[in-house]
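Reader: Please take me through one part of this structure at close range, and then place that part within the rest of the chain. I would like residues, contacts and angles rather than general remarks.

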Amino acid sequence: MTALEFPGPGLTAEQWVQISALATSLRPGQALWLSGYFAGVDHAARGFGGDTPSLLHEGGAKAVAAAPGTVATRTLTILYGSETGNSAALARTLAAAARAKGIEPTVADMSDYKPRRLKEEQDLLILASTHGEGEPPRSAAGFFEFVEGRKAPRLEGVRYSVLALGDSTYEFFCGAGKRLDERLAELGATRIRERVDCDVDYEEPSAEWIAAVADELAPAKASAVPATVAALQSSTAVASAFDKRNPFRATVTENLLLTGRGSSKETRHVELSIEGSGLSFEPGDALGIVPRNDPALVESLIRALGLDAAATVSVKDRTLSFGEALGGTFEITAATPRFLDQWAELSGAGELQALRGEGAAEARRAFLEGNHVIDIVKRFPVPGIDAASFTAGLRPLQPRLYSIASSQGFAPDEVHLTVSTVRYDLNGMARSGIASGHLADRCNLDAELPVYVQANPHFRLPGDDVPIIMIGAGTGVAPYRAFLQEREARGAGGKSWLFFGERNFDSDFLYQTEWQGFLKDQVLTRMNVAFSRDGATKVYVQHRLAEQARDVYAWLEEGAHVYICGDGAKLAPDVQKALVAAVAEQGAKSPEAAADYIGALQAAHRYQIDVY
C-alpha cells in the first residue's frame, strides 16, 4: 500500500477515505497544526521523552521516508527547552513536519541531551522558552551552562535555526533563545534560517518557522504526502481530545476558602468535575484555566475609551462585539511594550514617546509596573479611537496554569486546585488577578470553566519504594497533596517527608487535617513546618532544613528524590543554599563539592523544581 492508501491502525476504509479528504482540503498552516496535534495525541498515549518510539515512526513516518528517490543525507536533531510545555508541543509539531518531508529526526529535551554530542550534529533545530528575566528553563540550565562555557566545541559544519519563545511584558524578551542563537554562531555553526522570536501568541509565527525550516531541510525528492496524513495514521478516535486550543468545560463542584479568620492571605480550594472529558494527568501536572476578564474592568475600559460595547471587531476569522472581545479574547490588565508603543503613536504623548527604545528600558519597566492598560487610557486619552485600533495593540488572553492538587487514582473524575487570590491596589483602584479573581469572585458552584491538562515531565514521582523529600511554601504544597494521594491509592511503601511553610499557624496551615491523616496512616513519614509570622524571628522552610541537616543528608544518601515548589525568586535559591550547606556539613565536603553533589542530583532527575 502507498502512504495514502494505508487506513491506519483501528480505522475502517470509509473512515480513512473521510480523513484523507479532510487532509487534502486543509490549508498548509492548518495541515501543519493538525500534524503536530495528532502527533501530540500519539505522544500523550505513549509517554514522550527523547527518542521514544511511536506509531509515527512505525506507520506513517516509514511510509513517507520510504518514498522512492527520497534520501536524507544529513541527520536532524530537534532540541527543546520548555518551562510550561509550549516548546515541547512545538517540537512534536516540528518532528511531524520533518517526517512528512522524509526526514526522521532525533527529538530530545535539553535536560536529557548530552551536550558533548553537539560537535557530532549536522542539522540542529532548537526551540527555547525563556523563564523570568531572560533565563532558560530550569530544566535546560545544564545545557546552557555547557554551551556558554569554555568547554563548548567548535561547530563548523553544523547548521541550525532557533525558535525563541517569550513574553514581551518582560524586558529580556526571548532572552534564552537569543543567547543560544548568538552563541552557536560564535562557535562556528551556520544558520539555516534566521531566528524567530515569538510572544505569547506564538501560533502563527511558529507555524511559519516550522514550515520554512522543514522545506529548507527537505531532500530534493521528498514525498509530497501532507504532514497531516502521516500524523493521522498514528492515531484513532482523537476527535474528542481536549487541549489548549480546544479546552474542556469543567464544572465547579467545590470552591472553599482554606485560610482562616485573620489571615493576611486568601487561599482557596477549588474542585472541578472533568467527568466525560477523557482528560488524564499525573501528579505534578498542571491544569490550564482559560479565564475571563473582570466585567467591571471591561465596562470601565469601554467607558474610558468612549466606545460602544456593541461595536464589532474582527479577531482572526471571527467577528465579535467589542464587549465580548474585551471580556474573553484579549489581555486588558497588564500593559505590554507593544501596547505602549502603539498608544504612544496614537496619543502622541511625549511622556510615552520618551519610554520607547533600548535606552529607556528601566524607565519603561517601572512605568509598566505602575500602570495597567486602563491607567494609560485614562491618563493619555485618544479621542475618536475606534475599537479595531485599540485592540490592535492588545495580546490574546492567555490561560493560567495551576499545579494540580489531586491524584486521578484517588479522585478519577475530578481535578483539585489550591489557588491564592491576588488582590492589590494600584493608582487608587482595587485590582485582582485575572484567573484567581475569576475563581474567587465569579465561579460559584456549577459554573463552567474551560480547562486543559499541561503535562510537567520534570516534576514526577519516582518508584513506589523510593523516599521523597517535598519542600513547599503556600500554594506550593498543592502537588504534594497529589503525590500523597497517589501513593496512598497505589499502596506505595516509600518514605515521604514534607517541609511546609506559611505565615501563621492558626489561619494559614493549608490542609492541616489531611496531613495529619496521612501521618496517621503512615503515607507521610515525617513533617516539619515553619510559620514565619508567629514568632519574634521569622522562620522559613530553609531553616527547618538546616535543623534537620543530618537526617536530610541520610535520606539523600539512601536515594531520596527532592522536590521544591513555590516562589522561584526566594524559596528555590534559599532552599538550594540550605541543601548545599547540609551536604557540606554532614558529608564533610567542600562548598564546591557539595554544590556538585546537588548538581548530580539534578542531572539524575532526583532534584526537581516547579516554581513560579
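Author:
**A nonpolar core and its aromatic cluster**

Of the 612 residues of the protein chain, 53% count as buried. The model is a predicted one. Its secondary structure comes to 24 helices and 21 strands. Among the contacts with a separation of 6 or more, 77% are between residues 24 or more positions apart.

The part chosen here is the largest nonpolar core, which has 33 residues. Inside this core the residues with the most contacts are Leu-301, Leu-326, Phe-339, Trp-343, Leu-352, Ile-376 and Phe-390. At least two core residues come from each of α10 (295-305), β10 (312-315), α11 (322-328), α12 (337-347), α14 (361-370), α15 (373-379) and α16 (387-391). Helix α10 gives the most, with five residues.

Phe-390 is a convenient point from which to read this core. With neighbours within four places in sequence left aside, Phe-390 is in contact with Leu-301, Leu-305, Phe-322, Leu-326, Phe-339, Gln-342, Trp-343, Val-373, Val-377 and Ile-385.

Ring pairs come next. A pair of aromatic rings is described by the distance of the centres and the angle of the planes. There are 22 aromatic pairs by the ring criterion. One of them joins Phe-322 and Phe-390 edge-to-face, at 6.2 Å centre to centre and with 85° between the planes. Phe-322 belongs to helix α11 and Phe-390 to helix α16, so this pair ties together parts that are 68 residues apart in sequence. Both Phe-322 and Phe-390 are buried.

A second pair is formed by Phe-339 and Trp-343. Their ring centres are 5.5 Å apart and their planes are at 15°, so this pair is stacked. Phe-339 and Trp-343 are four residues apart in helix α12, and are therefore separated by about one helical turn. Phe-339 is buried, as is Trp-343. Through ring pairs, Phe-322, Phe-339, Trp-343 and Phe-390 are linked into a cluster.

His-372 is found in the loop between α14 and α15. Its relative accessible area is 9%, so His-372 counts as buried. Beyond its neighbours within four places in sequence, His-372 is in contact with Thr-333, Ala-334, Ala-335, Tyr-424, Leu-426 and Arg-431.

Strand β9 (residues 286-289) comes before α10 in sequence. In a regular strand the side chains alternate between the two faces of the sheet. Both faces of β9 are covered: Ala-286 and Gly-288 are buried on one side, and Leu-287 and Ile-289 are buried on the other. Strand β12 (residues 400-403) is joined to β9 by four bridges and runs antiparallel to it. Strand β16 (residues 448-454) is also joined to β9 by four bridges, again antiparallel. Ile-289 has partners in both strands: its bridge partner in β12 is Arg-400, and in β16 it stands opposite Val-451.

To place all this in the chain, the remaining region to describe holds another core and another sheet. A second, separate core has 28 residues, including Val-562, Val-580, Ala-594 and Ile-598. An open sheet of five strands has the order β19-β18-β17-β20-β21, with parallel pairing. At its edges stand β19 (526-531) and β21 (607-611), each with a single partner strand, so one side of each is left without a neighbour in the sheet. From one strand to the next the twist averages 10°. Strand β20 (residues 561-566) is joined to β21 by five bridges, and the two run parallel. Within this pairing, Ile-564 stands opposite Ile-609 in β21. Helix α22 (residues 549-557) packs on this sheet and touches β17 (468-473), β18 (496-502), β19 and β20. The direction of α22 makes about 135° with that of β18.

Two charged side chains also sit over tryptophan rings. The charged end of Lys-495 is over the ring of Trp-555, 4.2 Å from its centre. That of Arg-526 is over the ring of Trp-497, 3.9 Å from its centre.

Technical notes: Residues numbered from 1 in each chain as written. Predicted model: local features only at pLDDT ≥ 70, side-chain atom pairs only at ≥ 80, totals over all residues. Heavy atoms only, no water. Core = buried A, V, L, I, M, F, W, Y, C linked by side-chain atoms within 4.5 Å. Buried < 20%, exposed > 50% of the residue type's maximum accessible area, 1.4 Å probe, protein only. Contact = heavy atoms within 4.5 Å. Phe/Tyr/Trp six-rings, centres within 6.5 Å; stacked < 30°, edge-to-face > 60°. Lys NZ or Arg CZ within 6 Å of the ring centre and 35° of its normal. Pairing = 2+ DSSP bridges. Axes fitted to C-alpha atoms, helices over the stretch in contact; angles between N-to-C directions.
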